[in-house]
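Got the viewer open? Switch to a cartoon view, keep the selection box handy, and let's walk through the chain stop by stop.

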Amino acid sequence: LNMAVFTKEVSLLTTNLIQTITGFLPGEENYNLCFEFCRSNIKYHRYLDVDSYKVTRSIENLEIKFKVHSQPEKAKHLKSATEHFLSLGSNPKSESHYSVLLFLLCVSSSPTNAE
């Protein structure tokens, strides 16, 4: 895949992302601002690698929190599901696995109040 094709594909995907999320159309001032922001972030990103130790520690802390809130079954299921997930695929416990777990931890809200 050459750089020109890659750049064109990223531009198309960025346009679709902006239109889907904001409804802005190409040519509008707000669309152009969004596009330049996305382009800059893609080009100059400084995303850090996932720290598997921190993710593991966060999950362990969540298990403890479930137990403290008298929800031992949730703690057991979380531990079991996490271990199962980390064992999947040809490369178990990969950075991709921990990235997904980190994403789930970040988007969860008040997990001890969930049914």
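What follows is a short tour of helix contacts, a core and two loop residues. Keep in mind that this is a predicted model.

**Stop 1: helix 1 and helix 2**

Select residues 3-22 for helix 1 and residues 29-43 for helix 2. A pair like this has a standard description: two packed helices are characterised by the angle between their axes and the distance between the axes. Here the axes come within 10 Å and cross at roughly 130°. Helix 1 and helix 2 are therefore oblique to each other, and helix 1 passes helix 2 in a right-handed crossing. To see the contact, show side chains for Val10, Ser11, Thr14, Thr15, Ile18 and Thr22 on helix 1, then Tyr31, Cys34, Phe35, Cys38 and Ile42 on helix 2. Colour the residues of this contact by type and you get 7 nonpolar, 4 polar and no charged.

**Stop 2: Thr14 and Cys38**

Stay with this pair of helices and pick Thr14, which sits in helix 1. Is Thr14 buried or exposed? Its relative accessible area is 6%, so Thr14 is buried, the cut-off being under 20%. Leaving out residues up to four places away in sequence, Thr14 touches Phe35, Cys38 and Ile42.

Now jump across to Cys38, in helix 2. Cys38 has a relative accessible area of 17% and is buried. With the same sequence neighbours (up to four places away) ignored, Cys38 touches Thr14 and Ile18.

Before moving on, draw a distance line from the C-alpha atom of Cys38 to that of Tyr98. The two residues are 60 apart along the chain, and the line should read 25 Å.

**Stop 3: the largest nonpolar core**

You have just landed on a core residue. Select Val50, Val55, Ile59, Leu86, Tyr98 and Leu101: these 6 residues make up the largest nonpolar core. As background, nonpolar side chains tend to be buried together in soluble globular proteins. Which helices each supply at least two residues of this core? Helix 3 (52-68) and helix 5 (95-107) do.

Centre the view on Leu86. Not counting residues up to four places away in sequence, Leu86 touches Pro92, Lys93, His97, Tyr98 and Leu101.

**Stop 4: helix 4 and helix 5**

Next, highlight helix 4, residues 72-87, alongside helix 5. Their axes come within 9 Å and cross at roughly 145°. On the helix 4 side, show Thr82, Phe85 and Leu86; on the helix 5 side, show His97, Tyr98, Val100 and Leu101. The residues of this contact split into 5 nonpolar, 2 polar and no charged.

**Stop 5: two loop residues with positive phi**

For the last stop, bring up the backbone torsions. Most residues other than glycine have a negative phi. Which value does Ser70 take for phi? Near 55°, a positive value in a residue other than glycine. You'll find Ser70 in the loop between helix 3 and helix 4. At 62% relative accessibility, Ser70 counts as exposed.

Then select Lys93, in the loop between helix 4 and helix 5. Phi of Lys93 is near 55°, again a positive value in a residue other than glycine. Turn on a surface and check Lys93 there: with a relative accessible area of 56%, Lys93 is exposed. Lys93 is also one of the residues that Leu86 touches, which takes you back to the core from Stop 3, where Leu86 is a member.

Methods. Residues are numbered from 1 along each chain as its sequence is written. This is a predicted model: local features need pLDDT of at least 70, side-chain atom pairs count only at pLDDT 80 or more; totals for chains, interfaces and linings use all residues. Side-chain values use heavy atoms; hydrogens and water are left out. Axes are lines fitted to C-alpha atoms, for helices over the stretch in contact, and angles run from 0 to 180 degrees between N-to-C directions. Helices (H or I, at least four residues) and strands (E, at least two) are DSSP runs, numbered from the N terminus. Angles under 35 degrees count as roughly parallel, over 145 as roughly antiparallel, 65 to 115 as roughly perpendicular and the rest as oblique. A crossing is left-handed if the near helix is turned anticlockwise from the far one by less than a right angle, and right-handed if clockwise. Contact means heavy atoms within 4.5 Å. Ala, Val, Leu, Ile, Met, Phe, Trp, Tyr, Cys and Pro count as nonpolar, Asp, Glu, Lys and Arg as charged, and the others, Gly among them, as polar. A nonpolar core is a set of buried Ala, Val, Leu, Ile, Met, Phe, Trp, Tyr and Cys residues joined through side-chain atoms within 4.5 Å. Buried means under 20% relative accessible area, exposed over 50%, partly exposed in between (1.4 Å probe, protein chains only).
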